[in-house]
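The following exercises concern salt bridges, surface and pockets. Each task is followed by a solution in steps.

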Amino acid sequence: MAAMEFVAPSSIADAVSILKASNGNARVLAGGTDLLVQLRSGHTHPQQIVDIKHIPETRTIREDADGIWVGAAVCNAEIGEHAVLRAHWPGVVEGLELIGSAQIQGRSTPGGNLCNASPAADGVPGLIAARADCLIAGPGGERRAPVETIVLAPGRTSLEPGEFLVGFHLPKRTAKSGDAYLRFIPRTEMDIAVVGAAVNLTVDGSGAVTAARVALGAVAPTPLLVAPAAAAIIGSPLDDAALERLASAASAACNPIDDKRGTVAYRTKVAGVLAARAARIAAARAEQY
Amino acid sequence: MSKIHVTSVVNGEPVEFLCEGGQTLLDVLRDELGLTGSKEGCSTGDCGACTVIVDGRVVCSCLMLGAEAAGRTITTIEGIADGEKLHPVQQKFLEHAALQCGFCTPGFLVAAKALLDHNPDPSETEIRYWLAGNLCRCTGYDKIIRAVQDAAAEMRGENTHG
């Protein structure tokens, strides 16, 4: 992996012009925890590495009138330490904090987790459930796209040639809202999700669910936004019957692989169980928010 | 293609080096700067043998490019002792025989030092989770955990061998 040019632009405009001039022979570097492994294994042979961490927008977490901006290249450890993010979006934070070891947390980023386009990315279901938007910059200017529209297939995104992800915008939190992310792995740390489930919901004064988003990871070629699972609990007091409907709808959305971590039947069953548990945690958080 | 000129601070000293665009920080440390304490185990960020501290955060130096080190402050295993005086985690690893072949040890020591820098009194669970990114195939970990607990106690000024 030697004969590569390394460039570290300090503005979005510079990065866009570098990427445009590269004609698809560049790779964007954020935390590098996936890219360097791919370079090492020979999976990718770019002529240029474009480090986006010197672009201020990619490295910022900032509250604004409409919510919170999270730069694509903020490291996940920093996100885990951010009191405001933890308070408003505990489910988003717990997904991103599950990625790898302390060493990986110090480098890996939410933007990289999304753009690596793994079906099992732990950070992505939480961002989808949160209704996060991506800000994407490219030769055609800037555009916004919901997180659930980015991953098209394992390793493939909807970003056009020359485009890169600048960051995420999380919407403003309304009262009595909460989110949660749960992952199942066969041990307690350092593994890839067998199933991941994120739920983001709002309750009213009586505890009835007024809005919900449910997202699943590792149970299909892409992370899934499961609208029927959300519909199964909206209007309910999140009683056992509603949670059972939620679990069934989540399981019904699954189209997983069989591998050493779990069979199709197992993943499908666990997706429903985890979605229901995540909904309970999200509701408990919503009551406190 | 011309090499990249990089200036950074390594173990408290300003350093300059030349590297290729695709050269990892680990390769720069070992091959350009002669700091061979950081080990290459897996080169995929799984084993932690190459752990260094960059601007206060532990990272796998195999997953960072040398060119990214520009302007950053890096601590390697060579920088954690105070001259001839071992850092408490180093001393306690010796006392507790928390190593066998020793290949993983530099990574464990750097990671443990970083933990104690920001958490002087970690629980056993916290130590085990923090060190989950460092693999050891000899010790079975228990001696490592005890060494870190003992080092933490000593750094807090508690005399554990009274």
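**Exercise 1.** In which loop of chain B is B:Leu99 found? State also which surface patch B:Leu99 helps to make.

*Solution.* The model is a predicted one.
Step 1. B:Leu99 sits in the loop between H2 and helix H3 (105-118) of chain B.
Step 2. The relative accessible area of B:Leu99 is 33%, so the residue is classed as partly exposed.
Step 3. Together with B:Leu86 and B:Leu94, B:Leu99 makes a nonpolar surface patch of about 240 Å².

**Exercise 2.** Determine which parts of chain A are tied together by the salt bridge of A:Asp133 and A:Arg144.

*Solution.*
Step 1. The contact between the two side chains is 3.6 Å, N to O, and the cut-off for a salt bridge is 4 Å.
Step 2. A:Asp133 belongs to strand E6 (residues 133-138) and A:Arg144 to strand E7 (residues 141-146), so the bridge ties together parts of chain A that are 11 residues apart in sequence.
Step 3. A:Asp133, at a relative accessible area of 24%, is partly exposed, whereas A:Arg144, at 51%, counts as exposed. The class boundary that matters for A:Arg144 is over 50%.

**Exercise 3.** Analyse the salt bridge of A:Glu163 and A:Arg143 in the same manner.

*Solution.*
Step 1. The side chains of A:Glu163 and A:Arg143 meet at 2.8 Å, N to O.
Step 2. A:Glu163 is placed in the loop between strand E9 (156-157) and strand E10 (164-171), and A:Arg143 in strand E7, so this pair ties together parts of chain A that are 20 residues apart in sequence.
Step 3. A:Glu163 is buried, with a relative accessible area of 14%. A:Arg143 reaches 30% and counts as partly exposed.

**Exercise 4.** Where do B:Glu95 and B:Lys92 lie, and how many residues apart are they?

*Solution.*
Step 1. Both residues lie in helix H2 (residues 88-95) of chain B, three residues apart, about one turn of the helix.
Step 2. Their side chains form a salt bridge of 3.0 Å, N to O.
Step 3. B:Glu95 is partly exposed at 44% relative accessibility, while B:Lys92 is buried at 2%.

**Exercise 5.** How many salt bridges are there over all chains, and which residues are linked with B:Glu68 in a network?

*Solution.*
Step 1. The count over all chains is 25 salt bridges.
Step 2. A:Asp51, A:Lys53 and A:Arg107 are linked with B:Glu68 in a network of salt bridges.

**Exercise 6.** Is A:Gly205 buried or exposed? Give also the separation of A:Gly205 from A:Glu287.

*Solution.*
Step 1. A:Gly205 occupies the loop between strand E12 (195-203) and strand E13 (209-217) of chain A.
Step 2. With 76% relative accessibility, A:Gly205 counts as exposed.
Step 3. The C-alpha atoms of A:Gly205 and A:Glu287 are 8.7 Å apart, although 82 residues separate the two along the chain.

**Exercise 7.** Describe the second largest pocket and its lining.

*Solution.*
Step 1. The volume of the second largest pocket is about 580 Å³.
Step 2. The lining has 17 residues, and those closest to the centre are A:Ala77, A:Glu97, A:Ala102, A:Gln105 and B:Trp130.
Step 3. At least two lining residues each come from helix H3 (76-80) and helix H6 (102-105) of chain A, and from strand E4 (57-60), H3 and helix H4 (124-130) of chain B.
Step 4. By class, six lining residues are nonpolar, seven polar and four charged.

Note on methods:
Residues numbered from 1 in each chain as written. Chains lettered and ligands numbered in written order. Predicted model: local features only at pLDDT ≥ 70, side-chain atom pairs only at ≥ 80, totals over all residues. Heavy atoms only, no water. Helix = DSSP H or I, 4+ residues; strand = E, 2+ residues; numbered from the N terminus. Buried < 20%, exposed > 50% of the residue type's maximum accessible area, 1.4 Å probe, protein only. Patch = residues over 30% accessible without salt bridge, like charges linked within 9 Å, V, L, I, M, F, W, Y side chains within 5 Å. Areas by Shrake-Rupley, 256 points an atom, 1.4 Å probe, with all protein chains shown as cover. 1 Å grid on protein atoms, 1.4 Å probe; cavity = no way out; pocket = protein on both sides within 12 Å on 5 of 7 lines; lining within 4 Å. Points joined across faces, edges and corners; volume = space filled by probe spheres on them. Nonpolar A, V, L, I, M, F, W, Y, C, P; charged D, E, K, R; others polar.
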